[in-house]
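Trainee: Can you walk me through this one? I'd like to start with the charged side chains.

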Amino acid sequence: MPKYENAIDGYFQALADPTRRAVVDRLTEGPASVKELAMPFKMALPSFMQHLDILESNELIVTKKEGRRRICTINQAAFDQMMDWMQDRRALMKKRLDALENYLDNEQLN
């Protein structure tokens, strides 16, 4: 678990906000400029930029400047790491549930 701990905490904290989840959802369709990402939200650009900064500082997105535009993309490696972590948890829960099922089956036979 230590291999995931710090990064996973940051990922889930960053994704706890609905605005940031919406940005990530949009970026799954492909790269977008800050202006394009900010359009659907009724907030000042500096406030929106704080959301992007949180996503970027937690390595969920990557931004790069292209001329005067700032283009954002998903950092797939971060989402792969989250998926690995969730699959590890799922495997652990399956193992525990299987053990419980075996225990209950044996109890019913006795």
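Trainee: Okay, which side chain does Asp53 meet in a salt bridge?
Mentor: Asp53 meets Arg70, at 3.9 Å from N to O. The two sit in distant parts of the chain, 17 residues apart: Asp53 is in helix α4 (residues 45-57) and Arg70 is in strand β3 (residues 69-74). A salt bridge here is a side-chain nitrogen of Lys or Arg within 4 Å of a carboxyl oxygen of Asp or Glu. Helices (H or I, at least four residues) and strands (E, at least two) are DSSP runs, numbered from the N terminus.

Trainee: Before I go on, what am I looking at?
Mentor: It's a predicted model, where local features need pLDDT of at least 70 and side-chain atom pairs count only at pLDDT 80 or more, while totals for chains, interfaces and linings use all residues. Residues are numbered from 1 along each chain as its sequence is written, and side-chain values use heavy atoms, with hydrogens and water left out.

Trainee: Good. How many salt bridges does the rule give?
Mentor: The count comes to 4. One of them joins Arg70 to Glu56, with the closest N and O atoms 2.8 Å apart. That pair also links distant parts of the chain, 14 residues apart, with Arg70 in β3 and Glu56 in α4.

Trainee: Which residues are linked with Arg70 in a network of salt bridges?
Mentor: Asp53 and Glu56 are linked with Arg70 in that network.

Trainee: Is Asp53 buried or exposed?
Mentor: In between: Asp53 is partly exposed, with a relative accessible area of 39%. Buried means under 20% relative accessible area, exposed means over 50%, and partly exposed is in between (1.4 Å probe, protein chains only). Glu56 at 27% is partly exposed as well, and so is Arg70 at 22%.

Trainee: And which residue does Lys64 pair with in a salt bridge?
Mentor: Lys64 pairs with Glu66, at 3.6 Å from N to O. Lys64 is partly exposed at 49%, and Glu66 is partly exposed at 40%.

Trainee: Switching to the sheet. What order do the strands come in?
Mentor: The order is β1-β3-β2, in an open sheet of 3 strands with antiparallel pairing. The edge strands are β1 and β2, since each pairs on one side only. Two strands count as paired if DSSP finds at least two bridges between them.

Trainee: How many bridges are there between β2 and β3?
Mentor: There are 6 bridges, in the antiparallel sense. Thr63, for instance, stands opposite Cys72 in β3. The hairpin of β2 and β3 has 2 residues between the strands, and Gly67 takes a positive phi near 65° there.

Trainee: And how many bridges for β1 with β3?
Mentor: Strand β1 (residues 32-33) pairs with β3 over 2 bridges, again antiparallel. Ser33 of β1 has Ile71 as its bridge partner in β3. Ser33 counts as buried, at 6% relative accessibility. Leaving aside neighbours within four places in sequence, Ser33 is in contact (heavy atoms within 4.5 Å) with Arg69, Arg70 and Ile71.

Trainee: Does anything odd turn up in the backbone, like where phi is positive?
Mentor: Look at Glu59, a residue other than glycine with a positive phi near 60°. Glu59 lies in the loop between α4 and β2 (61-66). Most residues other than glycine have a negative phi.

Trainee: Last topic, helices. At what angle do α2 and α4 pack?
Mentor: Helix α2 (residues 18-27) packs against α4 at about 70°, with the axes 10 Å apart. The two are therefore roughly perpendicular to each other. Axes are lines fitted to C-alpha atoms, for helices over the stretch in contact, and angles run from 0 to 180 degrees between N-to-C directions. Under 35 degrees counts as roughly parallel, over 145 as roughly antiparallel, 65 to 115 as roughly perpendicular and the rest as oblique.

Trainee: Which residues of α2 and α4 make the contact?
Mentor: Thr19, Arg20, Val23 and Val24 come from α2, and Phe48, His51, Leu52, Ile54 and Leu55 come from α4.

Trainee: And where does α4 lie relative to the strands?
Mentor: α4 lies across β2 and β3, running at about 120° to β2.
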